[in-house]
Amino acid sequence: MTDTLKTAVMPQKPEQVLNTLKSGKFAPIYFLQGDETYFIDLISDFIEKHALPDHEKGFNQIVCYGKDLNVGTLLTQARRFPMMAEKQVIIVKEAQDIVDLGREEAQKLLESYVEKPLPSTILVLNHKHKTLDGRKSLAKTLDKSAVFIDSKKLYDNKIPEWITSYLKEKGFAIHPAATQMLADYIGNDLSRLSNEIDKLLINCKDKKEITADLVQQYVGISKEYNMFELQKALTNKDIVKANQIILYFEANAKSNPVIVIIATLFTFFCKLLVSHESSDKSEAGLAKTLGVNPFFVKEYQQAMRVYPLMKIIHIIHYLRIADLQAKGVDSGQMTEGQILKELIYKILH
C-alpha cells in the first residue's frame, strides 16, 4: 500500500457519485479512499440511510470497523444472501485498518469478489487517509468494476467556491467578505467547515444572505481581530491596528495558529505579486487573473500602491523564513508570537 495514487486509475468524482445515489441507483461495491474524509462520510452516510427501508435494516445492514475484520471474513459476509429482502448493505468504516488488506493474497481475494460481486449486496469500504497504489491490480480492478473515488483535499483557492455552492444548495446566498472570512478562519477541513455553516444557518433561518457580521456573531470570529482585518490593516499600512491584531492572535494562539496565518499571508502576497505582473490591471482583468471575487480586487489594487514589486519579493522571502521558524527551523528560543511580531514588522517597515 502507498499513500500516493498513481495515474494508472481514474477515480470518479464524489459529486457525480452522490448525484447517482440521489437518483436511487446503488452499485454493488463502493471503494471510497483519500485524505478528504468529508465526501467519504457523505457518500457512506447516504447509503446507510437510504439504501434500505428502515424495517429491513435490522437483519440486512451491517456497520463494522476494519480493525475487527480480515478480508476472508468480510467476503463471507458479502456473499451471504439478504434475509426476506432484495438487498443487504455492509459498510466497513476505517477500512484501511483491515488486518490483512496490505497482503497480496488478501488483495487477490478481494479483487476476485470485485470482478464478480453478489448483486444483492451493497459493499462500502471507507478507506480513509490512505490510497491504493494505482499501478497494482486491485486498484485497477476497483477502478474498472466498482464505484471508486479518491477524495482529495481542496486547494485553498477553491474553498470560497465550495462555501458558496454549499450554501446555495441550502437556499442561502453569502457575501464575498463572509465567504473569505470562513475560508480564512476554518481552512480546507470540509467536515469542520460544513458543521460550522450548519450551526450558523440554525441561527439565520430568516436571512436571505449570510453576511460577515453574521459569521462573526455565530461562528465565534472576533469582529475586530481576525485574518480578514489583519490583511486589511497591512493593505492600508495601519501599523497600530496590525499590531493590535497580532497581540490578540498571540493571546489566543489555539484559535489562531501561526502556520495558518503565515500560509494565508503567503497566498495574499503571492497574488499581489501576480497582480503587479498582470498585463490587465482592470478590476475585471485582475479578478479573472487572480481567481477572486471582484469584491476583493480594490484591496489588491490598494495593496499594489502600498507595496512595490521588489518589496513584495522581499515579503515573500520573509514569509518563507517565518514558516520555517514556526516549524522549528532556525527559530532559537522564539515563541510563535515573537515570530509573528517580527514578520509583521518586516512587512510594514
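Begin with the sheet of this predicted model: select the five strands, which form an open sheet in the order β2-β3-β4-β1-β5 with parallel pairing. Strands β2 (61-65) and β5 (147-150) stand at the edges with a single partner strand each, so one side of each has no neighbour in the sheet. From one strand to the next, the twist averages 10°.

Next, select β2 together with strand β3 (residues 88-93); the two run parallel and are joined by five bridges. Within this pair, display C64, which stands opposite V92 in β3.

Now add helix α2. This helix packs on the sheet and touches β1 (29-34), β2, β3, β4 (121-128) and β5. The direction of α2 makes about 160° with that of β4.

Turn then to the aromatic side chains, for which the count comes to 11 aromatic pairs. Select Y38 and W162: their ring centres are 5.5 Å apart and their planes meet at 85°, so the pair is edge-to-face. Y38 belongs to helix α2 (residues 37-50) and W162 to helix α7 (residues 159-169), so the pair ties together parts that lie 124 residues apart in sequence. Y38 and W162 are both buried. Extend the selection to F39 and Y166, since ring pairs link Y38, F39, W162 and Y166 into a cluster.

Finally, return to the cysteines. Are C64 and C204 buried or exposed? C64 counts as buried because its relative accessibility is 17%, under the 20% cut-off. C204, at 0% relative accessibility, also counts as buried. Across the whole structure, a search finds zero disulfides.

How values were computed: Residues numbered from 1 in each chain as written. Predicted model: local features only at pLDDT ≥ 70, side-chain atom pairs only at ≥ 80, totals over all residues. Heavy atoms only, no water. Disulfide = S-S within 2.5 Å. Buried < 20%, exposed > 50% of the residue type's maximum accessible area, 1.4 Å probe, protein only. Phe/Tyr/Trp six-rings, centres within 6.5 Å; stacked < 30°, edge-to-face > 60°. Helix = DSSP H or I, 4+ residues; strand = E, 2+ residues; numbered from the N terminus. Pairing = 2+ DSSP bridges. Axes fitted to C-alpha atoms, helices over the stretch in contact; angles between N-to-C directions. Contact = heavy atoms within 4.5 Å.
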